[in-house]
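Biologist: Could you walk me through this one, starting with the ligand site?

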Amino acid sequence: MTAAAGETVLEVDDLRVSFPTDDGVVQAVRGVSYRLGRGEVLGVVGESGSGKSVMSLAVIGLLPGSARISGSARCCGEELLGASDKQLSRVRGRRISMIFQDPMTSLNPVYSIGYQIAEAIRAHHDVGREAALEQAVELLDLVRIPNPRERLRSYPHELSGGMRQRVVIAIAMANRPDVIIADEPTTALDVTVQAQVLEALDTAQQQIGAAMVLITHDLGVIAGHADRVLVMYAGKLVEAGTADDVFYAPRMPYTLGLLGSLPRLDAKTERLTPIGGAPPSAVNMPPGCPFTPRCPLAQQVCEREEPAAEPTTSPDHLAACHFSEQLEGREPAELFGAGWRDDVVVPGAEQREEAR
Ligand SMILES: Nc1ncnc2c1ncn2[C@@H]1O[C@H](COP(=O)(O)OP(=O)(O)O)[C@@H](O)[C@H]1O
Ligand SMILES: [Mg+2]
């Protein structure tokens, strides 16, 4: 997974994105910072609506014109926010490529896949059609498409969903990008196909030596694939750390809740403990920690003050929680099991607050 830890290929700093709408301003991303090292895999996880896609679309300049964007996103030193279309089209595909949930948003139904891969190569490199098609065969082989040479002539509709997504991965790799952003790349696929496509993505990413931002609503997808993990909630980073930090020593109740919603092979009990309730609306968000109404540890301070992401077990393990130290050694079922519901008022919360 991790390659040279030193060099940064993508650096995002205090990224904020909002959308003015008739109902008010949607605060989709509220100040996210992260850095991605060369060859590193960063998993980004959070429920639907937490701002994962908006964050990535902002980085590659694909948000609608109505979006208000601030902060910074530098790829290999080059600032992308506010860059011209010309600048961005040079960066896209060559330095950063993107893989979306639905392969048909990336593929053109009227061209053969060989043609589409070859054109992706030719967009950035001065090579002839024949040479580009030879490279296309190698790329299809890299993502483990059987009989790659024959497959060049296939059209997208002749392939299964999993095979189509492999083609999209091949196109994303075509120009050996420094960064791949894969936004829910396996969400639209059957569970058995998901694992195979993820495997192909892994292999290709390692062969190319690209760094990857792997975005998913399902923490299970990034287990075993990500070096580091960012957990997003209501447009903010609420926990960040190595995969071990986040999976084995989470310091934000939301992360613990996500872990409890995950089927585990080593689980003592079969039962899952989902987090009750739903994330807040991104319009007119109340003050305080947005997880408060769903949080078994919540106290009065949580309603007033939104905690910043701060170092916990190590300088690089960040969590945004007033009570993060209380999570040490806790199991998901202790907090979210045993009848915990989002409308339950935690008894004794006020006394504990005063004692603090
Ligand atoms: N073009 C848009 N206009 C207004 N609101 C948007 C737009 N795109 C996304 N949003 C809102 O931004 C928030 C974050 O969305 P998104 O990044 O797609 O979430 P995720 O990818 O984590 O599921 C959501 O509340 C969504 O409704
Ligand atoms: Mg999304």
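**Around the ligand**

Modeller: Sure: β1 (8–21), β2 (24–37) and α1 (52–59) each put at least two residues into the shell around ligand 1. Helices (H or I, at least four residues) and strands (E, at least two) are DSSP runs, numbered from the N terminus. Bear in mind that this is a predicted model, where local features need pLDDT of at least 70, side-chain atom pairs count only at pLDDT 80 or more, and totals for chains, interfaces and linings use all residues. Residues are numbered from 1 along each chain as its sequence is written, while chains are lettered from A and ligands numbered from 1 in the order in which they are written.

Biologist: Which element gives the largest share of the shell around ligand 1?

Modeller: In total, 14 residues surround ligand 1 (C-beta atom, placed from the backbone, within 6 Å of it). Among the closest are Lys 52, Ser 53 and Val 54. The largest share, three residues, comes from α1.

Biologist: How many residues of the shell around ligand 1 are charged?

Modeller: Ala, Val, Leu, Ile, Met, Phe, Trp, Tyr, Cys and Pro count as nonpolar, Asp, Glu, Lys and Arg as charged, and the others, Gly among them, as polar. On that split the shell has six nonpolar and seven polar residues, and the charged count is one.

Biologist: Why is strand β7 largely enclosed by the rest of the structure?

Modeller: Buried here means 20 or more other C-beta atoms within 10 Å of a residue's own, with C-beta atoms placed from the backbone. β7 covers residues 179–183, and it is largely enclosed because the number of its five residues that are buried is four.

Biologist: Which residue of β8 stands opposite Asp 183?

Modeller: Strands pair if DSSP finds at least two bridges between them. β7 runs parallel to β6 (residues 96–99), with four bridges, and also pairs in the parallel sense with β8 (residues 211–216), over five bridges. In β8, the residue opposite Asp 183 is Ile 215.

Biologist: How many residues of helix α10 are buried?

Modeller: α10 spans residues 253–260 and is mostly covered. Its buried residues, including Tyr 254 and Leu 258, pack against several elements, among them β3 (41–45) and α12 (332–336). Of its eight residues, the buried number is eight.

Biologist: What distance separates the centres of domain 1 and domain 2?

Modeller: Domain 1 is 8–230 and domain 2 is 254–314 + 324–355, with bounds from an automatic or database domain assignment. Taken over C-alpha atoms, their centres are separated by 32 Å.

Terms used: Buried ≥ 20, exposed ≤ 12 C-beta atoms within 10 Å, placed from the backbone. Contact = placed C-beta atoms within 7 Å.
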